[in-house]
Every structure is written in C-alpha cells, then in structure tokens.
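Reader: Please put the model up. I would like to go through it by question and answer.

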Amino acid sequence: MSTPPEHAADHAFEVWAPRPRRARLWLEGAVHAMARGADDWWRATVPAAPGNRYGFLLDDDETVLPDPRSPRQPDGVHGPSALIPEVEGPRWAGRELRGAVVYEMHIGTFTPEGTFDAAAAQLPHLVDLGVGFVQVMPVNAFNGVHGWGYDGVGWFAVHEPYGGPSGLERFVAAAHDLGLGVLLDVVHNHLGPSGNYLGRFGPYETDGANAWGRTINLCGQGSAEVRRFILDDIAWWLRRYGVDGLRLDAVHALVDHSERHVLEDAAALVADLSPELGRPLALVAESDLNDPRLITPAELGGYGLTAQWNDDVHHAIHTAVSGERQGYYADFGSPECLATVLTEGFFHAGTHSSFRGRVHGTPIDPARVAPSQLLAYTCTHDQVGNRARGDRPSEYLSPGQLAVKAALVLFSPFTPMLFMGEEWGARTPFRFFTSHPEPELARATAEGRKAEFAEHGWPPGEVPDPQDPATFAASRLDWSEPERPEHARLLGTYRELIALRRDPALARDDFRAVRCDHPGEATWFAVHRGPLTLVVNFTPSPVTAPFAGDPLLAWDEATPQGGGVVVPGHSFVVLRRRS
C-alpha cells in the first residue's frame, strides 16, 4: 500500500542509462521528466515515500521498467519497483567467520512455510547444535514463486514470497539476537532468463556467455559503472540489512581482464566497511580454480578475500567413504589423496585433472594462507542438488558412514560447513526445482535437465521435472525426523563433534600442525592434531589401528588392544594420546 501524499518528502531518483535518448520517471501513475548528466545518469527529485511504486520509461516506450537497483519488487520482477525506508541494519559486535561452523540453508525448503519468519523460529536448533553462522542461499528477486535463487534479476531486491525486505530484516535480527552471524549468497556472474531489463539501460552484459547466461561486462566499454553496480550491491547487503558477509557465487565465471580484478576491489571495499560498521565482515568465494591468490592477503599480492569453498576436501572425503568414482570424482578416493587435502588444502595443485583433461590448480603456501580460510563440507546445495535425483548421502550410506564423513570435516583444520538437515541424516532429497511462469522457458528448463543427465546414462524418467511442484515439495525438510531415534543419534554425534572443536588442541590454524597416517590402503585412516588423534574405519569390518589413548568420542565403542585400538566397522574414535 502506498504512503499518503501528506507523508511524502523530496526523494532523489536516479538511474544510469547511457543507451536511451530519453528517460522518464513513472511514480504512482504520474510521469516526470528526468535530466541527463554528463555521466549518463538520469536524475529527478520528486516527493515520494516508502511503499510508493515507481519505474522508468525509456525513449518512447510506455512500458514501465523496474529500477536496476530496485530495493523491492512487490509485484514480481516484471512489475514496478517500490521504495523502502532508508535505514541501516542493526548494530551488533559480530563474530569472526574463520573456524566457526557454517550452516547453509535454503529459505524456501528449510521449513514447511518457506519464509524468513519460519526459518528464524528454527534458529535455536542451530545454536544448540553449535553453529556460528547461517549461510542463506540467494534471496534476491527472481521470477516465479520458488527456485534455488541463482537466476536472480533484481540484485538489490529481496524475494517477496520469502517475506520481502522486512522479512529479511527480522531474520537477521533474530540470528544476531542468538549470537549467529549471517552470510548471504549473491550472484554477480550472470543474470536470470526472465525479468532482466538491464540491457535496455546500459551495457551490463557482454556477447560472451558462461554456463548460465551472458557474462557480465567487467572490462569493456561502460564497465566502470557495471563494476560500481556490483560493489554497491555488496555494500548494500552489508550496510542496509546488517548481514555479516557474502558468499560470492562462481567467481571463476567473472571474466575480468582489467589491471585490477573486481574481486580485489570488493575485498578492499569490505576491509574499509568493517571498521565503519564496527564488526568483522567476510567475503567467501566459490571458485573452481584452486587458486590461492583469491584468499592471499592483498599486502602479499593476493585478492584479499576472507575464505573460499574447497570442493577438493568434499571429493576426497566423499569418495573415500562412498566409493563413488564417476565424473569429477575420478581422481579422488585414495588415502593418499585424503591425506593431501587435509594437510595441504588442495589435491589438484599443479597436477593433472583427468576430468578437465589438463593441469589444474596452484599449491597453497602455508605461510600466506591458513587452513581456516578454506570451507570444508560433506554436503552442499551443489553436491546434493546437482545429482540427478537430488539424493542425499543418507539415502545410500549407513549412519556410521555419515558419522565418519562428519568426523573428518569437523576434526579438520578448515572452517566446516553443514548443509541443512545433514546433522540428523535427513532423508528428504534436495532437488533442482524451478517455477518459471513462461511455458517456453519452463519446458526448456525441464528438457535441458533431463538431457544433461541422459548424457551420463540416467533414463529421463528418473530425473525429476524441476517445474513439477512435487519436486519442490519433496525437497522440504521434515522437522519430525530429528526426534526419531535413528536420526537423534547422528544429531547427538554432530553436537559432540562440534563441541570438541573448542578443545585447545585443535586451535592451531596451521597446515603444518596436521599429520595423517594410513596403512597404504583404504581401511583405517588417522588424523593427528596436537595430542588428539581421529581414527576412522572406512570398511564394514573392525580394524586395528596402532594408536593408544583415552577415547574422547566415538560412533561405536572402540576397544584398546595392545598398543593400538580396535575401531568397529564404519565408525570413528577420537583419542587423546598418552604419549
């Protein structure tokens, strides 16, 4: 509902639009002239108030286009924009990301209601678990009611079905009240296929393309304002909503041949913003490059980002436990591989990747990069949702195997991340789902998904239709599961493993403080950190490992034998060694 005119005040509207010859402001049905500056920004000052709908008319077209920097799209991405109150996010002391436990969630499927308010009501569960940060999958405006969020077109707006701007404000406030930091997943490498009007305004995209759409113009003509657009978006979420950091999606798809990469500018911006806002701020990259420059400090020649996802750790642990070797898992699975990632960070670090057919990655210099700058995980939205059926490891692994995977991540020197429901071995899948209203786009999405997996031998009938509402509904967490005995045991183990991370023996943030042992085959595997040793058994039968100590935590009871310990099948034990 619009604010009555008597509550309106002068508001400066502006939009960067070098392409049209004329731009006009549409505000609540009235049209106002705009003046073009030498910088190609069009400006008009008109009385307006929060809640007022507005948009822009370009050249002689009478179609109202949403603001490229729209703070709200109350009628969807094709409708006019709306003003929201000009306030800053609440102040709190914040917390450091590195070393904390991160919990990735999708607002639409985290609860049956699929809203910010419903998700906020479940946050005490995360506090009880020992989580330090929630990482929320993209919530910027996209077309349709439900989706993963990576096809956003309103980079500054909040998806209305989740609760819109006010819903996000309440969610962040609720998290902070419980001592939880909030990371927000943002996408700057492409725009979604529906509702993208930016090309009418200026050269936001190039003629090139990546796997998801046209690439963003970061170094061509007009790119200075496009880069500013991205940097302002980063500052917007941190300042306006008070989030504590951003996860930057697929930064390897940012094509930037400038002298200074846009990620360097982003890191510098956040470094300056942190003392201004009075709390630690983080930028976490998702990257396929295995390039430590991303997280190397700027003063040492790197980009200066806080941390990055590390798929190599996931692949090494998953293959060792599950035995899967298809696709990009082909090079992983050996105990030597697992030892490499736990002590060096990357497996592919100037080594040949058979999946890519080339040498891949760069070694990490432990003097420049710490283990806690890498996020490690057994599940993510990608590693579950991009399987053909969206099946979680709980569907094909035993509870003991799930516990082994959890132990390897949570005992590691990295910053651990969980995917929602993982902590109790959720049996609900997390599938790829969309709700494109356009029939042609909906059909293309569904057919493309089936064709993609058909190339890998999956019959089309076994690949869920992303447009089918049942695909989305099946992906919702079942909150009755944690109360069931078969799930409660695993949940208790996760709590104990997370609590164990507070042991001073695990405090040293240094690759050189981690050592691994194994018998040369995939039976038992040991990780040593200070006086603590984690021993895992990958096999279904008991194994004897040559380590003596006092058990601190185990999945099944481990038995001392001579100078060693017998670990039951598909189990783990954490020992405090006697010498």
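Reader: Which residues line the second largest cavity, and which of its lining classes has six residues?
Author: This is a predicted model, where local features need pLDDT of at least 70, side-chain atom pairs count only at pLDDT 80 or more, and totals for chains, interfaces and linings use all residues. Residues are numbered from 1 along each chain as its sequence is written, and side-chain values use heavy atoms, with hydrogens and water left out. The lining consists of Thr378, Cys379, Arg392, Pro393, Ser394, Leu402, Lys405, Glu422, Gly425, Ala426, Leu490 and Tyr494. Three of these residues are polar, three are charged, and six are nonpolar.

Reader: What do cavity, pocket and the residue classes mean here?
Author: On a 1 Å grid over the protein atoms alone, a cavity is a set of points where a 1.4 Å probe fits but cannot get out. A pocket is an open set with protein on both sides within 12 Å along at least five of seven lines, and lining residues have an atom within 4 Å of a point. Ala, Val, Leu, Ile, Met, Phe, Trp, Tyr, Cys and Pro count as nonpolar, Asp, Glu, Lys and Arg as charged, and the others, Gly among them, as polar.

Reader: Which helices each supply at least two residues of the lining of the second largest cavity?
Author: Helices (H or I, at least four residues) and strands (E, at least two) are DSSP runs, numbered from the N terminus. By that scheme, the two helices are H11 (399-410) and H14 (485-500).

Reader: How many cavities of 30 Å³ or more are found, and what is the volume of the largest cavity?
Author: Grid points are joined across faces, edges and corners, and a volume is the space filled by probe spheres set on the points. The search of the whole structure finds seven cavities of 30 Å³ or more. The second largest holds about 90 Å³. The largest has a volume of about 120 Å³.

Reader: Which class has seven residues in the lining of the largest cavity?
Author: The lining includes Pro66, Pro68, Tyr197 and Phe201. Four lining residues are polar and one is charged; the seven are nonpolar.

Reader: Which element gives the most to the lining of the second largest pocket?
Author: This pocket has a volume of about 670 Å³. Its lining has 22 residues, with His11, Arg69, Pro71, Glu86 and Trp236 nearest the centre. Strand E1 (9-16) and helix H6 (223-240) each supply at least two. With six residues, the top contributor is H6.

Reader: Where does UniProt place the active site, and why do its positions gather at one spot?
Author: The unreviewed UniProt entry puts "active site" at Asp249 and Glu286. They span 38 residues in sequence, yet no two of their C-alpha atoms are more than 5.3 Å apart, so they gather at one spot. Feature names are shortened, positions use the numbering here, and annotations may be inferred rather than shown by experiment. The named positions are Asp249 and Glu286.

Reader: Is aspartate 249 buried or exposed?
Author: Aspartate 249 lies in the loop between strand E15 (245-248) and helix H7 (262-277). Buried means under 20% relative accessible area, exposed over 50%, partly exposed in between (1.4 Å probe, protein chains only). At 10% relative accessibility, aspartate 249 counts as buried.

Reader: What does glutamate 286 touch beyond four places in sequence?
Author: Glutamate 286 sits in the loop between strand E16 (282-285) and strand E17 (307-309). At 12% relative accessibility, this residue is buried. Contact means heavy atoms within 4.5 Å. The partners are Arg247, Leu248, Asp249, Ala250, Val251, His252, Trp309 and Asp382.

Reader: Which sign does phi of alanine 250 have, positive or negative?
Author: Most residues other than glycine have a negative phi. Alanine 250 is in the loop between E15 and H7. At 2% relative accessibility, alanine 250 is buried. Its phi is near 40°, and the sign is positive.
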